[in-house]
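Student: Before we look at particular residues, could you take me through how to read a model such as this one, feature by feature?

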Amino acid sequence: PLELQAVPGRGFGLMATADIEAQTCLLAEAPAAMVQTSVSLADTVACLQCLCPLAVRSPRHSSEVRRCDCGEAFCSDECRSTALGGAHRRLCRSALPATAC
């Protein structure tokens with residue numbers, strides 16, 4: 001329901017071509033980086049892989065949160081597997097070797 005259109009004086013933008021239900025995830029792509037502060041986590045918990053809010057139900061994402069052993073949250077088994085096969089594997093606290101104090 002989106003179309004790329006010229007916006008006079010502003011360039012281009014995505015415009016809705018039909019009504020869109022509130023809280024519909026319109027675009028999901030792999031993040032370049034993601035950091036949630038304690039303040040942002042108190043407001044919205046998002047999937048570490050696709051950034052979709054975890055409180056929103058959509059056909060792509062179930063309402064059940066999947067967690068890594070380190071506690072990070074994911075919206076689906078697919079997002080969890082993708083993250084564990086990529087950047088999260090290198091940063092995951094549960095996968096890093098223990099350091100001596």
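Tutor: What follows is a short conversation on a predicted model, moving from the overall fold to individual features.

Student: How many helices and strands does the protein chain have, and what pattern do they follow along the sequence?

Tutor: The protein chain holds three helices and four strands, and when these are read along the sequence their pattern is β-β-α-β-β-α-α. Of the 101 residues in the protein chain, 22% are buried, while the accessible surface amounts to about 7,700 Å², with 54% of that area belonging to carbon and sulfur atoms. Among contacts between residues at least 6 apart in sequence, 23% join residues at least 24 apart.

Student: Which way do strand 1 and strand 2 run, and how many bridges join them?

Tutor: As a general idea, the side chains of a regular strand alternate between the two faces of the sheet. Here strand 1, residues 2–7, and strand 2, residues 11–16, run antiparallel and are joined by six bridges, with Ala6 standing opposite Phe12 of strand 2. The hairpin that these strands form has three residues between the strands, and Gly9 takes a positive phi near 75° there.

Student: Which residues make the nonpolar surface patch?

Tutor: The patch, of about 730 Å², is made by Leu2, Leu4, Phe12, Leu14, Ile20, Leu26 and Leu27; strand 1 and strand 2 are the elements that give two or more residues to this nonpolar patch. Leu14, one of the patch residues, is found in strand 2, and it counts as exposed because its relative accessibility is 55%, where the cut-off for exposed is over 50%.

Student: What is the sign of phi at Gln23, and where is the place of this residue?

Tutor: Most residues other than glycine have a negative phi. Gln23, although not a glycine, has a positive phi of about 65°. Its place is in the loop between strand 2 and helix 1 (38–43), and with a relative accessibility of 65% Gln23 counts as exposed.

Student: How many disulfides does a search of the whole structure find, and why is Cys50 not bonded to Cys75?

Tutor: A disulfide is a covalent bond between the sulfur atoms of two cysteines. A search of the whole structure finds zero disulfides. The closest cysteine sulfur to that of Cys50 is in Cys75, 3.7 Å away, and this is too far for a bond because the cut-off asks for sulfur atoms within 2.5 Å. Likewise, Cys70 is in no disulfide, the nearest cysteine sulfur being that of Cys68 at 3.7 Å. Cys50 counts as buried at 8% relative accessibility, and Cys70 also counts as buried, at 14%.

Student: How many salt bridges does the search find, and which residues form a salt bridge?

Tutor: Side chains of opposite charge can pair when their charged atoms come close. In this model the search of the whole structure finds one salt bridge, and Arg66 forms it with Asp77, the closest N and O atoms being 3.2 Å apart. The pair links distant parts of the chain, since Arg66 is in strand 3 (residues 66–67) and Asp77 is in helix 2 (residues 77–84), 11 residues apart.

Student: Are the two partners buried, partly exposed or exposed?

Tutor: Arg66 is buried, its relative accessible area being 18%, whereas Asp77 is partly exposed, with a relative accessible area of 47%.

Note on methods: Residues numbered from 1 in each chain as written. Predicted model: local features only at pLDDT ≥ 70, side-chain atom pairs only at ≥ 80, totals over all residues. Heavy atoms only, no water. Pairing = 2+ DSSP bridges. Patch = residues over 30% accessible without salt bridge, like charges linked within 9 Å, V, L, I, M, F, W, Y side chains within 5 Å. Areas by Shrake-Rupley, 256 points an atom, 1.4 Å probe, with all protein chains shown as cover. Salt bridge = Lys/Arg side-chain N within 4 Å of Asp/Glu carboxyl O. Buried < 20%, exposed > 50% of the residue type's maximum accessible area, 1.4 Å probe, protein only. Contact = heavy atoms within 4.5 Å.
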